[in-house]
Amino acid sequence: MQPMQEPARIRGMFAAIAGTYDVLNHVLSLNQDKGWRRFAVKAAGVRPGDRVLDVCTGTADLAIELAAAAGAGGTTIGTDFCEEMVRLGSDKVGDERGAPRLGVADTLRLPFRSGVFRAVTVGFGIRNVADLRSGIREMARVTAPGGRIAILEFTQPANPLFRFVYYVYFLILLPILGNLVAGGKRNAYGYLPRSVLSFPDRHELARIVEECGLEDVHVLTQTFGIVTVHVGTRPESWA
Ligand SMILES: C[S@@+](CC[C@H](N)C(=O)[O-])C[C@H]1O[C@@H](n2cnc3c(N)ncnc32)[C@H](O)[C@@H]1O
């Protein structure tokens, strides 16, 4: 485990920035984050009436998109181990039929029986989980046979010219702006690019998803390759 991936520190960092998390997400991504989440929901193949789960749900933006796809007849649950993020998310989701229900839970120990969700998603969260493989396996465990997991993450763009321009923003400007608005708490916006650079690249992550037992693994990209969605299907037989 890398030092910053230590669960208590990660939880404390997100608790410290929870209040400004949403606004900074929208501003720093130039409002692209909403489209990325919708894209991930589509990739997860969510249909009306489905029972679906979003882990590391934070303030529930991806869970809200999942619930929109699952409709009033569906069931959407969001879980996160940071109470402050869950509390802010719960204020946002409302209580209409089909709205996400949120709860506090560790992605490494999900409080659900095996095979109960048609799709399980994670948005910008799996990078922070202390044990990547165990996190993916736990997502797959609670997915129904034939159901999908979808992992939405930042990655390193492949085109060298674009990568240079992007890195000026991502490695230099974003930490300054983010820490300024978030009050520099725990240097969270310095952690963001560092954690992305030390995370497996898209090819390695695809291999890891396969090693975790998922089938038909494919990788979709968005916005010049700065964001990926890794999709895998849980096989009918699961060890
Ligand atoms: C960058 S935020 C992403 C939030 C949301 N999914 C989104 O799309 O904006 C990462 C979230 O992962 C959560 N997290 C990290 N490790 C976790 C774990 N082991 N179990 C549950 N949540 C975790 C953090 O508390 C944080 O809310």
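## Strand β1, helix α3 and the ligand shell

Strand β1 is mostly covered, with four of its five residues buried. The structure is a predicted model. β1 runs parallel to β2, and the two strands are paired over five bridges. One residue pair shows the register: Val52 has Thr76 of β2 as its bridge partner. In a regular strand, side chains alternate between the two faces of the sheet.

**Overall fold**

The protein contains eight helices and seven strands. Its C-alpha atoms fill a box of roughly 45 × 40 × 30 Å along the principal axes. The radius of gyration is 17 Å, which agrees with a compact globule, because a chain of 239 residues would then have a value near 18 Å. Buried residues account for 41% of the 239 residues. Of the contacts between residues at least 6 apart in sequence, 70% join residues at least 24 apart.

**Helix α3**

Helix α3 (61-70) is also mostly covered, and eight of its ten residues are buried. The buried set consists of Asp61, Leu62, Ala63, Ile64, Glu65, Leu66, Ala67 and Ala70. These buried residues pack against two helices, α2 (33-43) and α4 (83-93), and against the strands β1 (51-55), β2 (75-80) and β4 (117-123). Just after α3, Gly71 has a positive phi of about 75 degrees.

**Nonpolar core**

The largest nonpolar core has 60 residues. Those touching the most other members are Ala40, Ala44, Leu66, Val120, Met139, Ala150 and Leu152. Leu66 is also one of the buried residues of α3. Leaving out residues up to four places away in sequence, Val120 touches Leu53, Val55, Met139, Val142, Thr143 and Ile149.

**Ligand shell**

There are 22 residues around the ligand, and Cys56, Gly58, Phe81, Cys82 and Gly123 come nearest. The elements that give two or more residues to this shell are α1 (7-28) and α3 (61-70). The largest share comes from α1, which gives five residues. By class, the shell holds eleven nonpolar, seven polar and four charged residues.

**Two residues in detail**

Arg11 lies in helix α1. Arg11 is partly exposed, because 18 other C-beta atoms lie within 10 Å, where 20 or more would be needed for a buried residue. Apart from neighbours within four places in sequence, Arg11 is in contact with Phe81 and Cys82. Both of these contact partners are among the residues that come nearest to the ligand.

Thr107 sits in the loop between β3 (101-104) and β4. Thr107 counts as buried because it has 24 C-beta neighbours inside 10 Å. Not counting residues up to four places away in sequence, Thr107 touches Val55, Cys56, Val129, Gly135 and Glu138. Val55 is likewise a contact of Val120, while Cys56 is among the residues nearest the ligand.

The table sets out C-alpha to C-alpha distances for one pair that includes each of these two residues.

| Pair | Separation in sequence | C-alpha to C-alpha distance |
|---|---|---|
| Arg11 and Leu66 | 55 residues | 24 Å |
| Thr107 and Leu24 | 83 residues | 24 Å |

Notes
Residues numbered from 1 in each chain as written. Predicted model: local features only at pLDDT ≥ 70, side-chain atom pairs only at ≥ 80, totals over all residues. Near = placed C-beta within 6 Å. Nonpolar A, V, L, I, M, F, W, Y, C, P; charged D, E, K, R; others polar. Buried ≥ 20, exposed ≤ 12 C-beta atoms within 10 Å, placed from the backbone. Contact = placed C-beta atoms within 7 Å. Rg over C-alpha atoms; globule rule 2.2 N^0.38 Å. Core = buried A, V, L, I, M, F, W, Y, C linked by C-beta atoms within 7 Å. Pairing = 2+ DSSP bridges.
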